[in-house]
Each structure stands twice: as structure tokens, then as C-alpha cells.
Amino acid sequence: MTDSVTILGSGSAIPTFQNSPSGQLLTLNDKSFLIDCGEGVQLTMRQMGLKTARLYSVFISHLHGDHCFGLIGLISTLSMMKRTQPLHIYAHADLQKLLQPLLDYHCGDMLSFEVIFHAINPRKQEIIFEDRNITVETIPLKHKVPTCGFLFTDKGQKRYAYVSDTMYSPKIVPQLSGVDMLYHESTYTKEFESRCKDTTHSTAQQAAQIAKEAEVKHLLIGHFSARVDDHQVFLNEALEVFANTRLAEERKTFEF
């Protein structure tokens, strides 16, 4: 199976007719990992016919709703589909406090599989998952709440980096050095750059600058603000800095 990432949602906090909240399905070494789970992620997966049998774990970058509101619906549906394999969720410890009461109330004894929470420290760079073939390492980011990205490494092969909501942060460049594909949030265009400090987000050009300095092979940009209707503007601004940039268009799969 080819290593790839499928974009399930690439909008920011306010859903639009073009974009849903954040979500990606990463396929690496024949395993599937869900990265963030905004509202509507499970619907997009079902409409695309994406299989959940190989979905082993979920990685949540931070606890803003547009990155985790879809979890309770996804878990409920997987239970109704009689999943038996445990589902591992890696996130800030507060997620279990928030989600467990909903699981108890809506699923209770009817849940067909075990949900296993793994508390992570988003402010610390460390390996949070490892098996014989794959490691997942946190990428500490600068956002209003504790937030991290994730670096997925197929040992000796491909590397995929997911940089979620963050201000421009050159400190992450060494960790991203030479990755095969980097997804970096690009909430704003240059027109709205002044909002980056208040909202702790990045522009498309800033994402491209990170990609250039890290010498990555491919850059995907997403988390588009509802303020900008024409996504080509994001792409054009990023291309001024880093040539191998593509828009993280929803329902598209990118191989790397």
C-alpha cells in the first residue's frame, strides 16, 4: 500500500461551504492513523468509502473544538458497526475528562470496543508511539492552548509531519528537516497577517518559509480562514517562497 495522506477537513474554526474542520487520514506502512477529528470527519470518511478496519489510533493536536468535536460521533458509529479492536487516542490529558462522560452517557455498556486514552504533554518533544516499524513524535507548537504537531516516521523510510495551529515558529525547523511531506497550517493570507499574533496562527508565506528552511520535499497548506474565499491566494503566496507547495484540498489523497 502506498504511503499517503487523505484530507478529510482543511478549514479553520468556522465551517464553510468549501471546508470542514480539521481531519486527516494518514496511511503509513499499511497502517492507518487519524490526525485530528473535527466535526464531520466520520461523514467524509464514509462518503469517500475509506476503510476503518486498519484505523489503529487517533492523534489529537489540541483541544479546540474544530480539532476534536468529531470524536464522540466517530466512536459511536464504530461501535454500531461492531468494531472489536481497541482504539487508542493520544491527546492532552484533559480530553479523557471531557470525552469519558459523553462515552458513558451515550454508549455506556453498549460500546463494542475499548477506548484507550494516552495522555501526552504537547509542550514536550518526545516519542509517544512506537512499534516495530513506526514512531510518532510530538512537535511542540505556539498556540493559545497546549498544542503539538506530530512527526510520523516509518523507520528507515518515509516521514510525514503534521503542524497544527501555531504562530510562526522557526524552532521547529530542525525537527522537520528533510521530511517527505509537511502539512503546515496556513490560516491567513498576507492581507490578514496582523491577526496572527492575536489568534496565534500562521500565514501561507510563513508556512512556506518553514518548509524552505527545513528543506522538506513537499508542503501541504490548510486550515484556511473563512475570511478568504479564494484558496488560490494562499497557494500563490506560498509559491513565492517554496515551489513544491499544494493546497490541502478536501477529499484528495496525496502520496509521498
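**Rings, sheets and a core**

Trainee: Leaving out residues up to four places away in sequence, which residues does Phe 192 touch?
Mentor: This is a predicted model, so let's take Phe 192 as the model places it. Phe 192 sits in the loop between strand S11 (181-185) and helix H5 (195-199). Not counting residues up to four places away in sequence, Phe 192 touches Arg 227 and Val 228.

Trainee: Is Phe 192 buried or exposed?
Mentor: The cut-off for buried is under 20% relative accessible area. Phe 192 has a relative accessible area of 16%, so Phe 192 is buried.

Trainee: How many Å separate the C-alpha atoms of Phe 192 and Asp 165?
Mentor: Along the chain, Phe 192 and Asp 165 are 27 residues apart. In space, their C-alpha atoms are separated by 16 Å.

Trainee: On to the rings. What is the angle between the planes of Phe 59 and Tyr 90?
Mentor: There are 14 aromatic pairs in the structure. Phe 59 and Tyr 90 make a stacked one, with 4.7 Å from centre to centre. That pair joins distant parts of the chain, with Phe 59 in strand S4 (residues 55-59) and Tyr 90 in strand S5 (residues 87-92), 31 residues apart. The angle between the planes is 10 degrees.

Trainee: Why does Phe 59 count as buried?
Mentor: Buried means under 20% relative accessible area. Its pair partner Tyr 90 counts as buried because its relative accessibility is 5%. Phe 59 counts as buried because its relative accessibility is 0%.

Trainee: And why is the pair of Tyr 160 and Phe 256 stacked?
Mentor: Tyr 160 lies in strand S10 (residues 159-163) and Phe 256 in the segment after strand S14 (253-255), 96 residues apart. Both of these residues are buried. Planes under 30 degrees apart count as stacked. The ring centres are 5.6 Å apart, and the pair is stacked because the planes are at 25 degrees.

Trainee: Which residues form one aromatic cluster?
Mentor: Start from the stacked pair of Phe 59 and Tyr 90. Both belong to one aromatic cluster, whose full list is Phe 33, Tyr 56, Phe 59, Tyr 90, Phe 129, Phe 150 and Phe 152.

Trainee: Over which ring does the charged end of Arg 83 sit?
Mentor: For a charge to sit over a ring, CZ of Arg must be within 6 Å of the ring centre. The charged end of Arg 83 is 5.5 Å from the centre of the ring in question. That ring belongs to Phe 113.

Trainee: Which are the edge strands of the seven-strand sheet?
Mentor: Seven strands form an open, mixed sheet in the order S6-S5-S4-S3-S2-S1-S14. The twist from one strand to the next averages 20 degrees. An edge strand here pairs on one side only, and that applies to strand S6 (115-120) and S14.

Trainee: In S3, which residue is the bridge partner of Thr 27?
Mentor: Strand S2 (residues 23-28) and strand S3 (residues 31-37) run antiparallel, joined by six bridges. For Thr 27, the partner in S3 is Ser 32.

Trainee: At about what angle does helix H3 run to S6?
Mentor: Two helices are worth a look here. Helix H2 (residues 71-80) lies across S3, S4, S5 and S6, at about 170 degrees to S5. Helix H3 (residues 94-106) lies across S5 and S6, and its angle to S6 is about 160 degrees.

Trainee: Now S10. In S11, what is the bridge partner of Ala 161?
Mentor: S10 pairs in the antiparallel sense with strand S9 (residues 148-154) over four bridges. S10 is also joined to S11 by four bridges, and those two run parallel. For Ala 161, the bridge partner in S11 is Leu 182.

Trainee: Which element supplies the largest share of the largest nonpolar core?
Mentor: That core has 29 residues, and Leu 176, Leu 182 and Ile 221 have the most contacts inside it. Leu 182, for one, is in contact with residues including Ala 161, Leu 176 and Ile 210. At least two core residues each come from S10, H4, helix H6 (204-214), strand S12 (219-222) and helix H7 (232-239). The largest share, six residues, comes from H6.

Definitions and conventions. Residues numbered from 1 in each chain as written. Predicted model: local features only at pLDDT ≥ 70, side-chain atom pairs only at ≥ 80, totals over all residues. Heavy atoms only, no water. Buried < 20%, exposed > 50% of the residue type's maximum accessible area, 1.4 Å probe, protein only. Contact = heavy atoms within 4.5 Å. Phe/Tyr/Trp six-rings, centres within 6.5 Å; stacked < 30°, edge-to-face > 60°. Lys NZ or Arg CZ within 6 Å of the ring centre and 35° of its normal. Pairing = 2+ DSSP bridges. Axes fitted to C-alpha atoms, helices over the stretch in contact; angles between N-to-C directions. Core = buried A, V, L, I, M, F, W, Y, C linked by side-chain atoms within 4.5 Å.
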